[in-house]
Amino acid sequence: MTIRALEKVSVGQNGVGAFILQCIKMDIHYCDQSGSSRGMNSFIKSELSKFAALNPQIEFAVSPRPRKHPLIIGHYINGKQKSICVRNMHALQILKKVELLRDSSGEKTKKVNKPVTSINESVRGVWSPYHGNGMPV
Amino acid sequence: MRRIPRLRRPSGLTSSATNISRPIAGASNITQAFAPFSSSSSRPAITPRTTPSSSSKPSHISRFYSSQQNPTPAQEQTHEPGTALQTDVQPTARIVDEFGEDLDLEGEGLPVGPFMAPRPRAEAARREEVADPDYEPATTAAGLKKVGGVADWWQQPDNWAPEGDFVSFRPREKVVASSLIDAAVRRAVIETFALRQIGREDDLVGVWPTTVSNADLQHLLAWDVKCAEDGAVTLGGDATTVADGLTWKDDQDSGDYAAVPEALTADEAAALRETWDQSWKAISLSDPRIRFAVTKRVFQLTGQLVPDHQLSSITTVKTLLHVLKKPPKPVTFTEEVQKRHPELLELPNVTFTPRRVTRGDKEIALGRFQLMQDELKKRGLPAHGHGWASKGGDLTRMSGKM
Amino acid sequence: MAAKGARGLNEAMKALSLASHTCREATSIRIPSATFIRSMATEVPLPTGATNTNSSSPPSSFWRPAMTVPVTVFNFPSYEPQRLESWSSKHLNLPLRRDILHLAVVYEGDNTRQGTASSKTRYEVSGTHRKVQAQKGLGRARAGTRQSPIRRGGGKSFGPKPRDFGTKITRKVYDLAWRTALSYRYRRGELVVCQDGMELPLPPDFEALLESRGMRESGAEIAARFRAKWVKQVLDTNDWGRKAGRSTFITSSHRDNLFECLDLVPNWGRALDVEDVDVKDLLETGRIVVERDALMHMIESHQSDLVPKVFVPNAALPSRQVSGEILVE
């Protein structure tokens, strides 16, 4: 016997009625001297203003981190952080990484090994041993 | 190419002691400077005397006297254990006795040109030679004044006078102010074209003196220099007087060391720049002699050297100014962003921090720092830093410094 | 038609090679002249100056790089510009080829290796070759000789043996690397050419100073310190010193004062005889301060790709690149 919950009128899903960007903040760290930050520095100068203007929901905090490789840290609504080291990347490569962080949900990356993922309830329901007529052994 | 450098006039900065040809023309100077020492060997005692090269510079004399007042460590050792009444004459006389009369005592410990050689070693008087019966020579080092070696002898200003410093054709400080570069280029252009008008072609590649009073320079820069459509240059002043100022006069060399004409300030140059006719920037520098003279003079006045590979692109004054006036590099990245990318700072969702964001900064931003400080105070712990534990203590211990 | 097409292609290739030529003789390239007949109906009359292949008035349709570059010759310690010379672009204005510089530096590094590392094999380690222990019955692993590589004190299986690590490089490539390195320095404004007889003069009072007894008693150290301070001052005043990234001084022969003084202050610069210079030395330090003679020597001994080995009797053909003509003095 399967159990069936009450039928829902609608399922809450980000993007159905309203879309809330999961990324709330990005820390952008660079270094003044080191060569691995050259691409990052040019990213801040050339790309960041455009990107920040297009994504007003995200707060960008730019600060130096001397003698370290450049780093981007994304902060998410679920309290998680994701950081990407962007050493020796050029500005457009860094832009891709920033977009990746923006589009990320903040969840841990999971292995998707099923062909179909769905949030719809199973038609057959969930089998329960305590419901229905017990089976005599 | 000649192997012996041609003797040039000094760069004309201040005095003969600081001319650039001095190192090259060394041989004659040595004999001059050394002659008085050897000729005065019969003098028994040290008397303050100045060398010919320093006769016009009272600083030498005062330096000499001050070194007399402060006895050298060797002399002090002689004095200290015994009475302070010990005179200078005794050790001096001793040395003279020992080394004979022909010893050149006059030059010892005296300035040689702008440099001061260390005092020759003096020996303490033996006990039996001292007349004072209370004299007790020291037997241990305790209580004696510590004297050092001569490791930093030349770092002491008394021993190396500024007149002894190397003087280059290039000024010691590079001029970077835009208005001063403008003024230097204009001065160079006026001087070069003045020489050309007079017809002194040979002097175009020579070294010109830089000594011009501030008022004269301002007057010169205020000339109405114009460039006609056909490239003809009108200086708007008397070329002969300018050209006369570019020849070396003998009395210029013997001028006082301190008599440096006050330099033009950036504000004065900027005020002058407003009055200039814009056509002066179109003056052609395509003649290689003119170009060489102008760039050389600008290098002498400002220290800004036009790189060789850019020389061929300099055709007018305007292109020269463009090459010379490179904006200085911003020191930090944040400064650069503030100066050149203000649009980034205007965005409401972008914040720039000029310093590294530390753990403490994050706590302050959260409003938790105050609480932490209170708790630390309650426990008697330092609010900042590590308290008694020094930073990097392990490192100093491991390197054997502790 | 086919011939015409081939001719058009030929002409295009020539034009292309003219625009991008670097190392070959520019004057040997034939520019299409007015004798070339076009058969097009809408023909534009060729400009009359187009026949002129002289470098002074090139045809307006082609951009020709300058054949010479200016070089300022300075007085040595005073840094006074004394003369302007013109040097061939093939000598001092070659395009940067990092690959060729890399080849040259690696070649030099290979040939600088001493290659004397040596270790003994099991056959060279001394000792008896008797069997260490019985083959069976001891409960221990079998063991043959004491010199076996797996035993302590044994020989080394594949250890180093003295050998020559030297590699070869095409002479023309190596010569090109020399001039490329010099050109790179020239374009960056880091090549300071000084007049011949480059030597560091000490102050005229220095000799007299050395004579004084106080100096003689203080030993050689104080004189060395004097020289060190002097050479530091010379370099710092000219902006060649430590703060400006050191300098390499190259002279055509050993100069006592200059070499000894610079040995005292290795952080301010180094001095090299022209015979000791490698391509790698030209690429190190903030700038190269080179005597004119030494620069000429470096270039003349490294232009095998410019000078033909075969004698060409035709006087009209360009023979060699000329450098060092005086423009202004």
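This report describes a predicted model with attention to chains A, B and C, their packing and their contacts.

## Composition of chain A

Chain A contains three helices and six strands. Read from the N terminus, these elements follow the order β-β-α-α-β-β-β-α-β.

Of the 137 residues in chain A, 20% count as buried. When contacts in chain A between residues at least 6 apart in sequence are considered, 75% of them join residues at least 24 apart.

## A sheet shared by chains A and B

Five strands make up an open sheet whose order is 5(A)-4(A)-2(A)-3(A)-5(B), with mixed pairing. Strand 5 (81-85) of chain A and strand 5 of chain B stand at the edges; each has a single partner strand, so one side of each lacks a neighbour in the sheet. From one strand to the next, the twist averages 15°.

At the chain A edge, strand 4 (residues 71-76) and strand 5 of chain A run antiparallel and are joined by five bridges. Within this pair, His75(A) has Gln81(A) of strand 5 of chain A as its bridge partner. At the other edge, strand 3 (residues 59-64) of chain A runs parallel to strand 5 of chain B, and three bridges connect the two. Here Val62(A) has Phe352(B) as its bridge partner in strand 5 of chain B.

Helix 3 (residues 91-103) of chain A lies across strand 2 (23-30), strand 4 and strand 5 of chain A. With respect to strand 4 of chain A, this helix runs at about 15°.

## The contact between chains A and B

The contact of the two chains takes 19 residues from chain A and 14 residues from chain B. On the side of chain B that touches chain A, at least two residues each come from helix 13 (333-340), helix 14 (342-346) and strand 5 (350-352) of chain B. Strand 5 of chain B gives the most to this side, with three residues. By class, the side of chain B that touches chain A has seven nonpolar, five polar and two charged residues. Strand 5 of chain B thus appears both in this contact and at an edge of the shared sheet.

## The surroundings of Asn41(A)

Asn41(A) is placed in helix 1 (residues 38-46) of chain A. The residue counts as partly exposed because it has 18 C-beta neighbours inside 10 Å, whereas a buried residue would need 20 or more.

Apart from neighbours within four places in sequence, Asn41(A) is in contact with Tyr30(A) and Phe333(B). Tyr30(A) and Asn41(A) are eleven residues apart in sequence, and their C-alpha atoms are 6.8 Å apart in space.

## Composition of chain C

The secondary structure of chain C consists of ten helices and seven strands. Buried residues account for 32% of its 329 residues. Of the contacts in chain C with a separation of 6 or more, 68% are between residues 24 or more positions apart.

## Helix packing within chain C

Two packed helices are described by the angle between their axes and the distance between the axes. For helix 3 (residues 98-112) and helix 4 (residues 171-187) of chain C, the axes come within 9 Å and cross at roughly 110°. The two helices of chain C are therefore roughly perpendicular to each other, and their crossing is left-handed.

Helix 3 of chain C contributes Ile100(C), Leu101(C), Leu103(C), Ala104(C) and Tyr107(C) to the contact. From helix 4 of chain C come Val173(C), Tyr174(C), Leu176(C), Ala177(C), Thr180(C) and Ala181(C). By class, this contact between helix 3 and helix 4 of chain C has ten nonpolar residues, one polar residue and no charged residues.

## The contact between chains B and C

In the contact between these chains, 45 residues of chain C meet 48 residues of chain B. The elements of chain C that give two or more residues to its side are strand 1 (68-74), strand 2 (81-88), helix 4, helix 5 (205-211), helix 6 (213-218), helix 7 (220-237) and strand 7 (325-328). Helix 7 of chain C gives the most, with eight residues. By class, the side of chain C that touches chain B has 22 nonpolar, twelve polar and eleven charged residues.

Helix 4 of chain C accordingly takes part in the packing against helix 3 of chain C and also gives residues to the side that touches chain B.

Key. Residues numbered from 1 in each chain as written. Chains lettered and ligands numbered in written order. Predicted model: local features only at pLDDT ≥ 70, side-chain atom pairs only at ≥ 80, totals over all residues. Helix = DSSP H or I, 4+ residues; strand = E, 2+ residues; numbered from the N terminus. Buried ≥ 20, exposed ≤ 12 C-beta atoms within 10 Å, placed from the backbone. Contact = placed C-beta atoms within 7 Å. Axes fitted to C-alpha atoms, helices over the stretch in contact; angles between N-to-C directions. Parallel < 35°, antiparallel > 145°, perpendicular 65-115°, else oblique. Left-handed = near helix turned anticlockwise from the far one by under 90°. Nonpolar A, V, L, I, M, F, W, Y, C, P; charged D, E, K, R; others polar. Pairing = 2+ DSSP bridges.
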